[in-house]
Amino acid sequence: MDNERYREGWAKLKEVDGQAGENVIDSLRGIAPDFARLLIEFPFGDIYTRPGLDLKTRELATVAALTAMGTAGPQLRVHLHGARNVGCSEQEIVEVLMQMAVYAGFPAALNGLLAAKEVFGQRQGSDGPQ
């Protein structure tokens with residue numbers, strides 16, 4: 001696992017998702033270490049390091065996609081933390097989640113907003129990576 005993609009991906013994962021991202025990787029090591037490596041190398045090493053979008057935009061897009069899926073609650077929570085970690089305001093996140101009512105439906109938007117409420121509550125008094 002000592003390659004450039006892995007090193008860059010691990011650094012970006014820690015920057016975006018902090019401890020929550022590390023916890024996801026750790027939870028996979030016992031059952032699917034190759035999947036953990038792929039998770040680090042592909043989205044974070046290959047995609048998140050691309051120059052076309054800043055991290056705020058990438059995280060808002062990820063929050064929107066996970067909300068629209070409606071089946072990825074744990075991943076949504078990790079990326080809600082990630083969005084705050086890279087500088088997205090609570091208001092920006094709420095607006096993206098409300099926008100999802102138009103394209104993904106009210107239930108998806110409602111679930112996203114409730115997840116955001118939970119994450120924002122967990123972060124009260126903390127402004128660093130979770």
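Buried area is the accessible area, taken with a 1.4 Å probe, that two parts lose on being put together, summed over both. I begin there because the size of an interface is often given in this way, as accessible area lost when the parts come together. The model I am presenting is a predicted one.

Let me turn to the domains. The assignment for the protein chain gives domain 1 as residues 1-50 and domain 2 as residues 52-129. Their C-alpha centres are 20 Å apart. Eleven residues of domain 1 and twelve residues of domain 2 take part in the contact. Between them, domain 1 and domain 2 bury about 890 Å², and 58% of that lies on carbon and sulfur atoms.

Which residues of domain 1 supply 52% of the area that it buries against domain 2? They are V16, D17 and Y48, and no other three residues supply more.

As for specific interactions, the count of salt bridges between domain 1 and domain 2 is zero. Polar contacts are present, however: six residue pairs between the two domains, with both residues at pLDDT 80 or more.

On the domain 1 side, helices α1 (4-29) and α2 (33-47) each provide at least two of the residues that touch domain 2. Helix α1 gives the most, with seven residues. By residue class, this side of domain 1 comprises six nonpolar residues, one polar residue and four charged residues.

I now move to two individual residues, beginning with T62. This residue sits in helix α3, which spans residues 55-69. Is T62 buried or exposed? Its relative accessible area is 18%, and buried means under 20%, so T62 is classed as buried. Leaving aside residues up to four places away in sequence, T62 touches Y48 and H79. Y48 has already appeared in this talk, as one of the three residues named for the area that domain 1 buries against domain 2.

The second residue is M100, in helix α5, residues 90-103. M100 is also buried, because its relative accessible area is 10% and the cut-off is under 20%. With residues up to four places away in sequence again set aside, what does M100 touch? The list is A64, T67, A68, G105 and A109. Finally, consider M100 together with A65: 35 residues separate them in sequence, while the C-alpha to C-alpha distance in space is 8.9 Å.

Key
Residues numbered from 1 in each chain as written. Predicted model: local features only at pLDDT ≥ 70, side-chain atom pairs only at ≥ 80, totals over all residues. Heavy atoms only, no water. Domains from an automatic or database assignment. Contact = heavy atoms within 4.5 Å. Salt bridge = Lys/Arg side-chain N within 4 Å of Asp/Glu carboxyl O. Polar contact = N/O pair within 3.5 Å; in protein donor to acceptor, adjacent residues only side chain to side chain. Helix = DSSP H or I, 4+ residues; strand = E, 2+ residues; numbered from the N terminus. Nonpolar A, V, L, I, M, F, W, Y, C, P; charged D, E, K, R; others polar. Buried < 20%, exposed > 50% of the residue type's maximum accessible area, 1.4 Å probe, protein only.
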